[in-house]
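User: Hey, can you walk me through this structure? I'm new to this, so keep it simple.

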Amino acid sequence: MSRAEAPAAGTAPGRAPARRRPGGLLRSELLTTFRRWRTLALLGVLAAVPVLFGIAVKVETADGGSLGGGGGGGEEAGPAFISQVTNNGLFLVFTALAATLPFFLPMAVGVIAGDALAGEANAGTLRYLLVAPAGRTRLLLTKYATTLVFCLAATLVVALSALAVGAALFPMGELTTISGTRIGFGEGLERALLIALVVAASLVGVAAIGLFLSTLTSSGIAAMATTVGLLITVQILDQIPQLHAVQPYFFSHYWLSFADLMREPVYWDEITRNLGLQAVYAAVFGSAAWARFTTKDITA
Amino acid sequence: MAPYESGTDTEAAERAAAARGRKKAARYAVPVVVLGLAAATIGLVPALADSGDPDLPELSAQELIEKIAASDTQRLSGTVKISTDLGLPDLGGLAGGMASPRGEQGEGGAADPKSRLTELASGTHTLRVAADGPEKQRLSILDDAAEYSLIHNGDEVWAYDSASDEAFHATEDGKHGDGGGAEHRGGLPKDVPATPGEFAKEVLKASEETTSVTAEGTMQVAGRDAYKLVVKPKGEGSTVGAVTFAVDAKTGTPLKATLTPAGGGAAVVEAGYTKVDFGKPAASLFDYRPAKGTKVTEAEDAAKEARGKDVPRGPGKQPGAGDLAAPEILGEGWSSIARFEVPGGQGLPDAGSGDLPPEAASLLDAFGDKVKGDFGTGRVFSTRLVNALITDDGTVYAGAVTKDALVKAAESAK
């Protein structure tokens with residue numbers, strides 16, 4: 001929006017000029033995206049989630065009581081791993097990722113992806129981007145790459161914030177895997193990093209869907225709302241037992257499989273299925289976005 | 001000149017528009033092709049990977065059973081998938097939600113093996129097993145983002161439930177002491193055949209007179225060549241169609257067991273390795289020490305607590321499972337039927353008796369078929385494997401046999 005009001009001097013108003021060397025366009029896109037207040041606000045909200053969780057768990061267990069024994073139990077006990085947080089702060093990373101992956105993270109990605117092209121069209125800057133000799137395919141790839149960088153950044157923000165809060169409020173050290181075995185803190189950190197990468201990769205499908213929807217409309221809000229709406233719909237459909245035959249093909253179905261990295265030995269089956277599914281979504285919706293974007297008339 | 005020129009313009013424009021249309025269609029074909037490829041891959045790869053039955057030297061059924069008996073697989077680790085479909089509504093979630101909410105858990109805590117292993121009786125579960133000699137075994141049930149592990153190492157047995165971060169501990173030394181928790185000890189309760197090997201032993205125990213055992217070709221399980229052993233009941237009346245075992249060609253370890261009902265359809269119970277490794281599992285797998293914050297329930301405390309709870313309950317005792325007389329077994333082998341009396345000597349209330357509102361009675365009728373015989377009347381409740389006849393005077397006949405066999409048993413028992 002701010003770019004629309006910016007003076008229309010130069011090729012692309014309000015953005016760093018795209019240099020004619022590989023990576024120049026990507027760098028200017030990244031700068032534009034990550035300098036936006038909207039992006040920073042999204043990342044801020046994501047960083048706040050682990051803080052809230054950490055404080056809540058700390059307050060709840062301040063009297064020495066255990067979390068599970070108190071009120072809720074079973075499914076109501078909160079996100080995965082939360083009962084282990086008091087033992088080891090590193091578990092806050094897993095809890096925070098498990099809590100943000102179903103909704104907060106993909107919503108943030110949907111906002112960025114949905115806005116990628118539709119937002120430019122809405123602001124009237126898409127034409128200028130295409131005037132620069134970048135080509136539509138390259139622009140699309142750059143937009144997708146930017147969205148993927150955001151996926152990783154958002155996940156890492158959650159993970160690092162959780163790690164900091166976990167270290168501040170809870171003991172750290174050797175940790176117990178969910179299989180009951182022990183691993184050292186260093187290996188625990190390694191697994192946490194691996195989990196963050198898997199979580200970021202889980203968002204690849206949503207990013208592709210958002211980008212495709214973004215090529216369909218010239219209203220950024222419409223693309224974002226549709227992406228997030230689709231996300232919620234799929235999450236609800238994933239809960240309906242009668243649909244279990246199609247559920248393995250929902251992009252969100254295997255999201256929580258990242259927890260399998262905390263088993264000993266690691267259980268890879270569902271993680272690979274998740275990654276494969278995300279690749280299929282990226283290929284199908286990415287190529288659909290390409291077909292649409294390279295053939296449509298750009299009027300704004 | 002002008003009209004001629006404008007004519008070419010229109011034609012050129014039309015040609016350009018047509019070319020654009022073709023280009024557009026060609027580009028939109030890309031995602032469709034990608035989707036098609038993905039679907040084909042998902043559909044075909046498992047079919048292609050199934051490279052057919054392996055060629056193995058032929059073995060007779062007897063040789064195969066000996067192979068199983070001679071097998072002394074000490075070291076093994078792998079993933080087991082067990083699915084049970086008794087034809088009952090899936091009570092897994094419901095029963096789990098009602099029977100073990102962490103708020104009002106049973107005496108043994110959330111990690112009590114007794115309550116957790118009954119989960120396996122319905123639905124599909126993924127288990128992991130590892131064994132290193134007779135001293136070290138572990139079995140874990142994989143849940144969503146959580147795991148339930150039973151670890152046996154030397155004379156210690158641990159159960160760890162990661163969802164609630166609770167552990168259950170028992171020592172083999174306490175085995176001879178009295179107490180209600182006796183069945184906790186020594187790891188798995190005996191009636192839960194969790195690995196194909198145990199399952200095979202259970203079934204092969206059945207007497208040879210009533211059972212036909214044949215070797216029928218080969219198959220692949222978990223990427224290993226295996227012989228197929230088919231066990232079938234000989235007599236009539238059993239609802240068990242066949243039990244098929246896949247026996248590893250190299251080690252003689254049963255890798256898969258499938259129980260198909262006589263009525264046809266999908267397997268009632270199927271338990272088999274999806275991955276198996278006969279190497280030495282990591283020693284750390286059997287080494288469980290509770291973390292500082294983990295709530296640990298000791299088996300002996302749990303048993304004491306259970307006894308303490310029972311005492312005040314004494315006078316107003318509810319009729320429960322404990323009051324049932326030990327069932328009498330009629331017949332033998334596959335078509336054996338258990339017969340026992342419902343406490344109180346009464347059968348299910350009938351629609352005419354006025355004990356039940358008519359709606360409830362019709363609900364009962366919907367669940368069970370009414371039958372008549374020399375024994376009076378009763379209702380038969382069916383699942384895909386087990387049928388039960390409850391007569392109006394409160395006798396229960398149950399077994400993995402057909403309805404007719406139940407009625408016959410009830411008639412001859414009178």
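Analyst: Sure. One term before we start: a residue is called buried when under 20% of its relative accessible area is left, exposed when that is over 50%, and partly exposed in between. Also keep in mind that this is a predicted model.

User: OK, try it out on one. Is B:Asp165 buried or exposed?

Analyst: B:Asp165 has a relative accessible area of 4%, so it is buried. You'll find B:Asp165 in the loop between β5 (156–161) and β6 (166–171) of chain B. Its backbone stands out too: phi is near 55°, a positive value in a residue that isn't glycine.

User: Where else is there a positive phi in a residue that is not a glycine?

Analyst: Look at B:Ala145, with a positive phi of about 55°. B:Ala145 lies in the loop between β3 and β4 of chain B. With a relative accessible area of 11%, B:Ala145 is buried.

User: New topic. How many residues does each chain bring to the contact?

Analyst: Chain B brings 36 residues and chain A brings 33. About 3,000 Å² is buried between the two chains, and carbon and sulfur atoms give 55% of that. B:Ala145 turns up again here: together with B:Arg27 and B:Arg128, it supplies 19% of the area that chain B buries against chain A, more than any other three residues.

User: Why talk about area at all?

Analyst: The size of an interface is often given as the accessible area lost when the parts come together.

User: And how many residue pairs are in polar contact between the chains?

Analyst: There are 15 such pairs between chain B and chain A, counting those with both residues at pLDDT 80 or more. On chain B's side, the elements that give two or more residues are α1 (2–49), β2 (123–132), β3 (136–143) and β4 (146–153). Of these, α1(B) gives the most, with 9 residues.

User: How many salt bridges are there between chain B and chain A?

Analyst: The count between the two chains is 2, while the structure holds 17 over all chains. A:Asp269 and B:Lys275 make a salt bridge through their side chains, at 2.6 Å from N to O. A:Asp260, A:Arg263, B:Arg138 and B:Glu147 are also linked in a network of salt bridges.

User: Which elements do A:Asp269 and B:Lys275 sit in?

Analyst: A:Asp269 is in helix α11 (residues 269–295) of chain A and B:Lys275 is in strand β11 (residues 269–277) of chain B, so this pair joins two chains. B:Lys275 is partly exposed, at 41% relative accessibility.

User: Can you show me a salt bridge inside one chain?

Analyst: In chain B, B:Arg75 forms a salt bridge with B:Asp132, with the closest N and O atoms 3.1 Å apart. B:Arg75 lies in strand β1 (residues 75–84) and B:Asp132 in strand β2 of chain B, so the pair ties together parts that are 57 residues apart in sequence. B:Arg75 is partly exposed at 39%, whereas B:Asp132 is buried at 11%.

User: And in chain A?

Analyst: Take A:Arg191 and A:Glu187, whose side chains meet in a salt bridge at 3.1 Å, N to O. They are 4 residues apart in helix α8 (residues 185–202) of chain A, so about one helical turn separates them. In general, an α-helix has 3.6 residues a turn, so residues three or four places apart point the same way. A:Arg191 counts as buried at 9% relative accessibility, but A:Glu187 is partly exposed at 35%.

User: What does the secondary structure of chain A come to?

Analyst: Chain A comes to 11 helices and 2 strands. It has 300 residues, and 51% of them count as buried. Its accessible surface is about 12,500 Å², with 66% belonging to carbon and sulfur atoms.

User: Which residues form the nonpolar patch on the surface?

Analyst: A:Val45, A:Phe103, A:Phe104, A:Ile232, A:Ile236 and A:Ile240 form the patch, with about 470 Å² of accessible area together. A:Phe103 sits in the loop between α4 (91–100) and α5 (104–123) of chain A. A:Phe103 is partly exposed, with a relative accessible area of 32%.

User: Last one: which peptide bond is cis?

Analyst: The bond from A:Glu264 to A:Pro265 is cis, with omega near -10°. A:Pro265 lies in the loop between α10 (220–237) and α11 of chain A.

Methods
Residues numbered from 1 in each chain as written. Chains lettered and ligands numbered in written order. Predicted model: local features only at pLDDT ≥ 70, side-chain atom pairs only at ≥ 80, totals over all residues. Heavy atoms only, no water. Patch = residues over 30% accessible without salt bridge, like charges linked within 9 Å, V, L, I, M, F, W, Y side chains within 5 Å. Areas by Shrake-Rupley, 256 points an atom, 1.4 Å probe, with all protein chains shown as cover. Salt bridge = Lys/Arg side-chain N within 4 Å of Asp/Glu carboxyl O. Buried < 20%, exposed > 50% of the residue type's maximum accessible area, 1.4 Å probe, protein only. Contact = heavy atoms within 4.5 Å. Buried area = accessible area lost by both parts, 1.4 Å probe. Polar contact = N/O pair within 3.5 Å; in protein donor to acceptor, adjacent residues only side chain to side chain.
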